Amino acid sequence: MQAMEFIYSLPSVVRIVAILVLAVLAHFVVRGLKRLSQWLLSLKLKTDTADAESFTRRYPKLATLTTIFVSAATFVIYFFAVGLVLREFKVSLTAYLASASVIGLAIGFGLQGAVQDVVIGLTLIFSDALNVEELVEISGQIGKVENIGLRFTTLVNFYGQKIYVPNRNITTISRFRRGAIRAYVDIQIPEGQEPKKTAAELHDMAKGIYHQHKAIILESPELFAVRRAESGGWQYARIKFRVWPGQGTLIETAFKQRIVARMKDIDPDYADWMVAVTYRVE
């Protein structure tokens, strides 16, 4: 407050210049905070394994609180910067600050929805309902949580679009375990074929489609040991995919068709039903 009194004790021209400088500084402070938070959220941490772990994966709650802090700080900085500018237009600073109260916002400006957004946003964070980088379904939208703010929760969907969901519209949250859907493909191995060799070839085909569609298949597919069916005695290979929710058609059509076509080259009697795609928890 002393700094503000000092500013308003200056001559009018100098005062206006000082306020404009403060407004510009406020803008750059906000940009700096946002860039710092983006750097922190994209930070890769060293682990005992070869792969680096992201900051958001290791500290999901801290990453989430970082986004809410930046959102709150942005509001506060801009709010006071606007107040300084309005002071030059003879707007009472005391009345302006009073309008920041929840009651003032709700009644004076008709922002009941905004108040709901803030309250629900804080509830989501401190109740562990949402964390940054989680893959979730909210209000019919599927995406990764990029930011949880005072007004909106931001998702990034399969197409890279940013979806801003008002916090008050969040009624149901579906969290995808480990951030994906698991598709299991069971492939019957034709009679007379070397099971391990055939399974290795199938695995190579799976990795090929993974490299072709990394936006849909989220990590390299895993091959399980060749198994023997309890009834019938035939052997099969199982391959696990982690795919983006709602994009299982790629596995059910393109990958399955490639497998069936390759198996028909080995055994002309090979049928579609010999390749089964299922979705389930590990």
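These notebook entries record what I looked up in a predicted model of one protein chain.

**Entry 1, the whole chain.** I began with the secondary structure, which comes to 9 helices and 12 strands. I then turned to burial and found that, of the 282 residues in the chain, 36% count as buried. For the accessible surface I noted a total of about 16,600 Å², with 59% of that area belonging to carbon and sulfur atoms. I also looked up how contacts are spread along the sequence: among those between residues at least 6 apart, 60% join residues at least 24 apart.

**Entry 2, Ala 237.** I located Ala 237 in strand β11, which covers residues 235–243. Is Ala 237 buried or exposed? Its relative accessibility is 0%, and because buried means under 20%, I entered Ala 237 as buried. Leaving aside residues up to four places away in sequence, I listed what Ala 237 touches: Val 185, Asp 186, Ile 187, Ile 189, Ala 199, Leu 202 and Leu 223. I also checked Arg 227, which lies 10 residues from Ala 237 along the chain, and found a separation of 6.4 Å between the two C-alpha atoms.

**Entry 3, Leu 25 and its patch.** I next went to helix α2, residues 12–41, where Leu 25 has its place. I recorded Leu 25 as partly exposed, because its relative accessibility is 48% and that class lies between the 20% and 50% limits. Which residues form a nonpolar patch on the surface with Leu 25? I found Val 17, Val 21 and Leu 22 there together with Leu 25, and the patch they form has about 320 Å² of accessible area.

Terms used: Residues are numbered from 1 along each chain as its sequence is written. This is a predicted model: local features need pLDDT of at least 70, side-chain atom pairs count only at pLDDT 80 or more; totals for chains, interfaces and linings use all residues. Side-chain values use heavy atoms; hydrogens and water are left out. Helices (H or I, at least four residues) and strands (E, at least two) are DSSP runs, numbered from the N terminus. Buried means under 20% relative accessible area, exposed over 50%, partly exposed in between (1.4 Å probe, protein chains only). Contact means heavy atoms within 4.5 Å. Patches are made of residues with over 30% relative accessible area and no salt bridge: like charges are joined within 9 Å, nonpolar side chains (Val, Leu, Ile, Met, Phe, Trp, Tyr) within 5 Å. Accessible areas come from the Shrake-Rupley method with a 1.4 Å probe; for residues, only the protein chains shown count as cover. A salt bridge is a side-chain nitrogen of Lys or Arg within 4 Å of a carboxyl oxygen of Asp or Glu.
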